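Please examine the aromatic contacts in the protein shown here.

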Amino acid sequence: MTQGLDIALIQTRTPATAAAGLAHVEPLIRQAAAEGARFILTPEGTNFLEQRRGLREEVLSEEGEDAAVLGLQALAAELGVWLLIGSAIVRSGVPGDARAANRSLLVDPTGAITARYDKLHVFDVDLAGGETYRESASVRPGDAAKLADTPWGRLGLTICYDVRFPHLHRALAKAGAAMIAVPAAFTRPTGEAHWETLLRARAIETGAFVLAPAQGGRHEDGRQTWGRSLVVDPWGVVIAKADHDEPGVLHARLDLGAVDRVRASIPALSHDRPFDPPQ
């Protein structure tokens with residue numbers, strides 16, 4: 001595993017169509033690459049964010065036909081970088097199920113997709129301020145955790161609401177993840193209350209770098225997202241953070257040797273003990 005890695009998180013305010021989504025994120029990715037990033041990560045819903053049912057159906061397409069996905073594959077190849085499309089909202093491809101997949105796609109420097117992950121935990125909540133979300137109505141949840149190989153070590157893939165499920169992150173770390181991606185479109189209320197705390201907790205529990213590119217601001221469909229993209233090291237220290245919800249690029253340099261050092265210092269991943277369930 002190579003020890004040093006320059007990464008960039010792309011913070012976006014994604015529009016409501018894939019073509020517009022590509023036009024929005026492309027200059028930010030070009031900036032990140034020009035400034036030295038070798039691995040670039042974008043947020044959840046990079047291709048489009050549209051929760052109004054009729055309009056969403058109009059722009060939804062197959063993964064292999066989505067304008068943003070295809071454009072970002074070509075861009076990764078042009079720039080010669082690794083790119084995590086934090087997620088694209090695409091047709092699930094499951095016969096008889098009209099719901100979409102909320103899918104992370106890891107793209108290598110040739111433009112090939114080397115890993116896919118469908119979001120396991122869908123966001124079905126009623127917030128105190130009156131906001132209601134039923135992601136399960138439009139998104140088919142995945143059924144498998146996913147690790148991906150990179151030149152710098154193994155990457156665990158998660159998406160947004162997955163951050164509230166520590167056992168998923170622990171399983172990824174125990175399977176060898178040195179980095180865990182948490183691309184997100186956190187709501188403002190939950191982001192303000194929980195975003196940074198949850199991400200730091202997942203890093204501390206796993207002894208892994210947590211990389212969390214985020215959506216931010218008011219979107220065309222009316223939703224508001226928190227922004228504040230950040231990078232947390234294996235000790236739980238925030239090493240890079242956007243303090244706003246505006247689109248932009250956040251750089252960080254990862255010392256991947258810290259993963260082994262932290263896990264040797266506190267080897268909690270090897271200290272599991274069986275126990276009887278609570279009564």
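The exchange below concerns ring pairs and their surroundings.

Me: What kind of model is this, and how many aromatic pairs does the count come to?
Reply: This is a predicted model, in which local features need pLDDT of at least 70, side-chain atom pairs count only at pLDDT 80 or more, and totals for chains, interfaces and linings use all residues. Residues are numbered from 1 along each chain as its sequence is written, and side-chain values use heavy atoms, leaving out hydrogens and water. Rings of Phe, Tyr and Trp (its six-membered ring) pair if their centres lie within 6.5 Å; planes under 30 degrees apart are stacked, over 60 edge-to-face, and the rest tilted. By this rule, the number of aromatic pairs is six.

Me: Are the rings of F39 and W152 stacked or edge-to-face?
Reply: Their centres are 6.0 Å apart. Because their planes meet at 20°, the pair is stacked.

Me: Which class does the pair W82 and W152 belong to?
Reply: The ring centres of W82 and W152 are 6.3 Å apart. Since their planes lie at 75°, the class is edge-to-face.

Me: Is W152 buried or exposed?
Reply: Buried means under 20% relative accessible area, exposed over 50%, and partly exposed in between (1.4 Å probe, protein chains only). The relative accessibility of W152 is 3%, so this residue is buried.

Me: Which ring does the charged end of R228 sit over?
Reply: A charge sits over a ring if NZ of Lys or CZ of Arg is within 6 Å of the ring centre and within 35 degrees of the ring normal. The charged end of R228 is 3.9 Å from the centre of the ring it sits over, that of W226.
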